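User: Please take a close look at a single part of this model. I would like its surroundings described in one connected answer.

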Amino acid sequence: MNRIIRNLTTILIGIVIWTWLPGQMYAQCKHDAGDPVAGQFSINGTKVQVNGDGGNVATALNNIPIKICEGEIIKLKSTLPVTAMVGVDYWIVPYNSYNALATPPSNPISAAGRYTTAGGDIDIKMIAKDATNPDGFSAYATPGLYVITQYDNSTTSSGPGFHHACQVIEIIAPPTPVATVSVCSGSEIQVTIPVNANNIFDNYEVIFYPLGGPGNVTTLTGKQTLPYTVKEVMPDAQDRIIKIRGMSTTGGCNAPQADLLRHAVNSATLFKPNLISIAGTTTKAEYNLELVAQNGILWKFYRRDVTDPLNYGGYLTDVLSKSSTVTSGSEIVKLTVPDADKMYCFQVASVDVVCATKEMSNQEICTTPAKANALNNKNVISWARANGGAPAGVNPTPFINYEVDLMNADGTLDKTLFASTNITDLTFEHLSLVCGNDYIYRVRTNYGSLSYSQMIKIKAISDVVPSKIPKFFATMTNDNKNAYVQGQFNSTNTPTDIKPDFYKYYRANSLNGTYTLQNTGNFIFKDPSSEVDKQSYCYYMTWTNLCEKESVPSDKVCTVFLKASGATVGWTKETSLSAGTDSYIVKKVDPTTGNTIKDLATNLIGVYGYNTTPLPETEGQEIFIQIESRPIGWNTANPDRLPSTLSNIIRIFRPSLAMSPQIFTPNGDGQNDKFMVRGKFIKNLKMTIYDRWGNAIFYDEMNGYPIESSQDETTVIGWDGTMNNGNKALEGSYAYKIEVEDTVGQVTVKEGALLLAY
């Protein structure tokens, strides 16, 4: 059968060549119309059998050149059945000389091209005849086309006759053949012989030499149309050195052998694809199919719509062809579907990239389309029912369970919300949502292999009005210039659906006045238009959730406004704390830093005023006072208690007071012996005494005057009647001038008259 195929192939090749090449490219055997019987001869025994001269048919085998390598020895032998062999003549003539002959060359141009044999056979070397090659032939010039002609007049069963046979040959100079090697799975190696100027042979010998010992594999291709691939399975796992040699049809060509180098045998088995999971991505209608990796193969992906008949269109058209890029573990391949809302199933084939063998997955894997709808205070997730059938020849994928997962924004699992083994459970309601928050869901269908829906992102909605901020207070900014208001949630129930920086603050000039929106911002508001040293301000606040719903207003609170009336201070009664005021503290403060110097009064309940008059001189001439309001529950360990609030800071000024007696008696009796100044808040003092003519007779000054309780004739300056010249003044009336600088730097001048008496 193979010989018949080769002969047919040879004929077809000849037809193509003869059709497309110019007519003079090949010689054509001339037909001897007078031959009673066609001659027959063989070339190298059974290799080539020549019958007749082709009868002037251009496509006859006689006219299709047989390749014979330069230097090859061929045996020509008559194969015509004869009863008496008289003699056989062979002529080998260059095709251009042969074509110049009018009739078959019974008398060729060169007698040197004639070989006569009585036995019907002769060996001839395809090379020029010379001393080195005595069996060559003189008609040889260069590689190219030649014609072998046979004549004999032997006796056959039909009687004596004149017989003629002819064959066109092509003598080639054998180049080194060119081929490529591919290593396939299953220990198969393929050698491909391409169309190439070097590949001019009729036959090729490919040898696979094992490195580890015996077991070489040899293949003869026979005459083939190029490109042609030799496929051989190696019987062991040994590396192979592969060589190829070109041969002619006659088989005696001595062509150079090409070394195709060493190649490792790939004994790996081409496995059926194992489908692990299919998962929707963030891109609509796109899925990631995960399957077990296998190095060096091609995957073909086939898709079907489950509403269509259970088949894949005969697996004639794949939706994706992709080479595996991972050598171990698993690999993820992106696939798309025509409609994200429909279910599609996939099968995958493993294809050896080189050998084109294919293994189809036993199972199919199907997508899980899913949706989510936002309703009032709940999200409803629904999905397609699990696939319940499979095409013929595909193992069914039995349903195991459903699972609804809540996902994080980065695609990781937060938690599983729902699981069911009931194939008819196709919806789930997610409750207890945070209004306005985005929720991301993914539905999983478990068939053993896993099918994940696409990530479904949806915002929760609600019509519920949020509850009020439970804690709210008003105090002063650190610089005591503006009102500072702040709300607080309880630590155990802080809402999670607060719209960022969307707290609203409303203000009025009295608790029950008209409130207007002052600011929208974060949890703290410093009121830039407030003037806390002039009046009290009242506030309430709201918050807005992610669904744009504004909350119930908070309790109203008012800043504590402190003012002075002489030495008395008073403050407003409205509470600055949503929890209510427990008590007040009157604080002496540093006006620069606001730090408390000391508490002047504490635990004032239901009291809204304080008199500074009783305060001793040591408290200072100038006092800065602030009121602290303590919230109800201030003395508990509750982490949610409100802080104390502060009023504005006011200044209380107590004027200095300087007194001196109008009469003094410096007689040494220890009583009123000195004219001196007594008073509060004196820092420095200057004293001048004048006689009746206006002459200054006494002057003294003192810096760092002691406080009033420490003032006596021994601690302060004064006039004891002695003039600056050391003389005692006479009794009588004198004028004085006193300059007093108080503790805040104010200077007061006092003038008057005094009476000196001994």
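**A core residue and two buried polar sites**

Analyst: Start with A372, which, beyond its neighbours within four places in sequence, is in contact with V380, I381, Y441, I456 and I458. The model is predicted. A372 belongs to the largest nonpolar core, a set of 28 residues. Along with I381, W383, V404, F428, Y439 and Y441, A372 touches the most other members. Several elements give two or more residues to this core: β22 (297-305), β25 (344-352), β29 (378-383), β30 (401-407), β33 (438-446) and β35 (456-459).

Now the polar sites. S530 sits in the loop between β40 (524-527) and β41 (538-545). Its relative accessible area is 3%, so S530 counts as buried, the cut-off being under 20%. The S530 side chain reaches the backbone oxygen of D527 at 2.8 Å. Setting aside neighbours within four places in sequence, S530 is in contact with K481, N482, A483, R507, Y537 and Y539. Y315 lies 80 Å from S530, C-alpha to C-alpha, with their positions 215 residues apart in sequence.

Q626 is part of strand β48 (residues 622-631). Q626 is buried because its relative accessible area is 4%, against a cut-off of under 20%. The Q626 side chain reaches the backbone oxygen of S647 at 2.7 Å. S647 also appears among the contacts of Q626, taken without neighbours within four places in sequence. The others listed are N480, L562, I585, V586, K587, V589, L646, N648 and I649.

Methods: Residues are numbered from 1 along each chain as its sequence is written. This is a predicted model: local features need pLDDT of at least 70, side-chain atom pairs count only at pLDDT 80 or more; totals for chains, interfaces and linings use all residues. Side-chain values use heavy atoms; hydrogens and water are left out. Helices (H or I, at least four residues) and strands (E, at least two) are DSSP runs, numbered from the N terminus. Buried means under 20% relative accessible area, exposed over 50%, partly exposed in between (1.4 Å probe, protein chains only). Contact means heavy atoms within 4.5 Å. A polar contact is a pair of N or O atoms within 3.5 Å; within protein, one must be able to donate a hydrogen and the other to accept it, and residues adjacent in sequence count only if both atoms are side-chain atoms. A nonpolar core is a set of buried Ala, Val, Leu, Ile, Met, Phe, Trp, Tyr and Cys residues joined through side-chain atoms within 4.5 Å.
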